[in-house]
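Thanks for making the time today. I would like to walk through one model with you, beginning with a backbone detail and then moving on to how the interior is packed.

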Amino acid sequence: MAGGLGPPRVNTKGPDPYLPGHGNIGYRTTHYDLDLHYRTGPGRLSGRATISATADRVLAEFSLDLGMFQIDKVFVEGAAARFSHRAGKLRIRPTTPISAGAPFTVTVRYGGVPRPIPSRWGDLGWERIDDGALVASQPTGAPSWFPCNDHPADKATYRIALTTKSRLTVVANGTLVSRRTTGNTTTWVYEQPAPMPSYLATVQIGRYRLVDLVAGAIPQRAAVPPRLLTAATHDLGRQPEMMALFERLFGPYPFSDYAVVVVDETLDVPVEAHGLSIFGANHIDGRRGFERLVAHELAHQWFGNSLTVADWRHIWLNEGFAKYAEWLWSELSGGEPAQAHAARSRALLAALPQDLRVADPGVRRMFDDRVYQRGALTLHALRAAIGDTSFFALLREWARVHQHGTVTTEEFTALAQRHSARPLGELFAAWLYEPALPA
């Protein structure tokens, strides 16, 4: 790969240190084919998931993460397999062990009323809403709607087909490749050829109007409740400019298209998914009052989605970068410069407890606002140390070399050092590994 850093890593060798109960070892997935049917009245989801994978070792048994569904059948390489399902794990025993290095497929037929996955951050995953559903899975909600290897470093391509009432619109990851109506139901089929982790897979179902925000090489569309159409079109109106700016700063947009879904619900924060973002109705005010969040979620398509953390310790590589993108958009679109945002952020952090290490915040603090703020300040300090030319060259190389792969803090700091004539060890030690806020 360019830059001499080697090919991106797209699989994991062990459990995530923060969330060891999620994810499974012994294999890596390569493709998910999901054929889903959703009945909005009873809120019932039935599905057939066919998962392609490659064994890392001999597998007499393996497991998938899956929530509280009734399992109908499980097949491995077309042959019925024995299985057990409890405590969020579907354990599968094929009729004959799978050889090390061998590709294999497992098909799971299942059904039930999806239930969000409980977590320390609340219930995650599939959520039933009026006449539809929304899915926000980060970090552990994917098993609420399909069987998966729920580890951030296990990335695969996807085909998602969902059948539901024809009055509803379905948006999922990737490109809409077909839409077929039979009777009073419609099947929507999306394909995502860029590998993604399970937590970024999503479907959004509701009474939406589909609108094109811009035509061109990278289609940008939005799915919006009719009552919010005018306000949303205005609030998202500068997103094409953001896309052009971020391509200049970070390199080419990593996916084939980009979608925004505005759900007719109140969300605490917007949610990124692979190739799309989900906003609440409360984030649309017709005055671009939440435009920084539009920039934040778009930036995640590079940092978090194309470049995915190898494990959750490195979450600042997602959130610190997206927060800094907010400041860059402000600076380069006629608003306050990044320096003003940085000064305000540092003053905020100085008034808070100094007990968090950005590069390893601990599972309880993965989504602490200090990870976002101090992560962005780390990047601003790095920019000041090496200068704009080297800093943005670093960001472009970082995004290019690891496109569609997984990343760690150590890989970023090593690459940064290659773009600097001065040693950066003390800078990174102070900002990333020491609890005290640097001067």
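**Backbone details, cores and a helix pair**

Aspartate 131 has a relative accessibility of 23%, so it counts as partly exposed; please keep in mind throughout that this is a predicted model. The residue lies in the loop between strand S9 (125-129) and S10, and its phi is near 55°, a positive value in a residue other than glycine. Glutamate 77, in the loop between strand S4 (70-76) and strand S5 (79-80), also is not a glycine and has a positive phi of about 55°, but at 51% relative accessibility glutamate 77 counts as exposed. One further backbone point is the cis peptide bond from glutamine 138 to proline 139, with omega near -5°, where proline 139 sits in the loop between strand S10 (132-136) and strand S11 (155-165).

Turning to the interior, the largest nonpolar core has 80 residues, among which Phe246 and Phe412 touch the most other members, and helix H4 (residues 316-332) supplies the largest share of this core, nine residues. Setting aside neighbours within four places in sequence, phenylalanine 412 is in contact with residues including Trp316, Phe321, Trp398 and Phe428. A second, separate core of 59 residues includes Phe69 and Leu162.

Finally, helix H5 (residues 338-350) packs against helix H6 (residues 369-386) at an angle of about 135°, with the axes 10 Å apart, and that angle makes H5 oblique to H6. The crossing is left-handed, and the contact includes Arg346 of H5 and Asp369 of H6; its residues divide into five nonpolar, four polar and five charged.

Technical notes
Residues are numbered from 1 along each chain as its sequence is written. This is a predicted model: local features need pLDDT of at least 70, side-chain atom pairs count only at pLDDT 80 or more; totals for chains, interfaces and linings use all residues. Side-chain values use heavy atoms; hydrogens and water are left out. A nonpolar core is a set of buried Ala, Val, Leu, Ile, Met, Phe, Trp, Tyr and Cys residues joined through side-chain atoms within 4.5 Å. Buried means under 20% relative accessible area, exposed over 50%, partly exposed in between (1.4 Å probe, protein chains only). Helices (H or I, at least four residues) and strands (E, at least two) are DSSP runs, numbered from the N terminus. Contact means heavy atoms within 4.5 Å. Axes are lines fitted to C-alpha atoms, for helices over the stretch in contact, and angles run from 0 to 180 degrees between N-to-C directions. Angles under 35 degrees count as roughly parallel, over 145 as roughly antiparallel, 65 to 115 as roughly perpendicular and the rest as oblique. A crossing is left-handed if the near helix is turned anticlockwise from the far one by less than a right angle, and right-handed if clockwise. Ala, Val, Leu, Ile, Met, Phe, Trp, Tyr, Cys and Pro count as nonpolar, Asp, Glu, Lys and Arg as charged, and the others, Gly among them, as polar.
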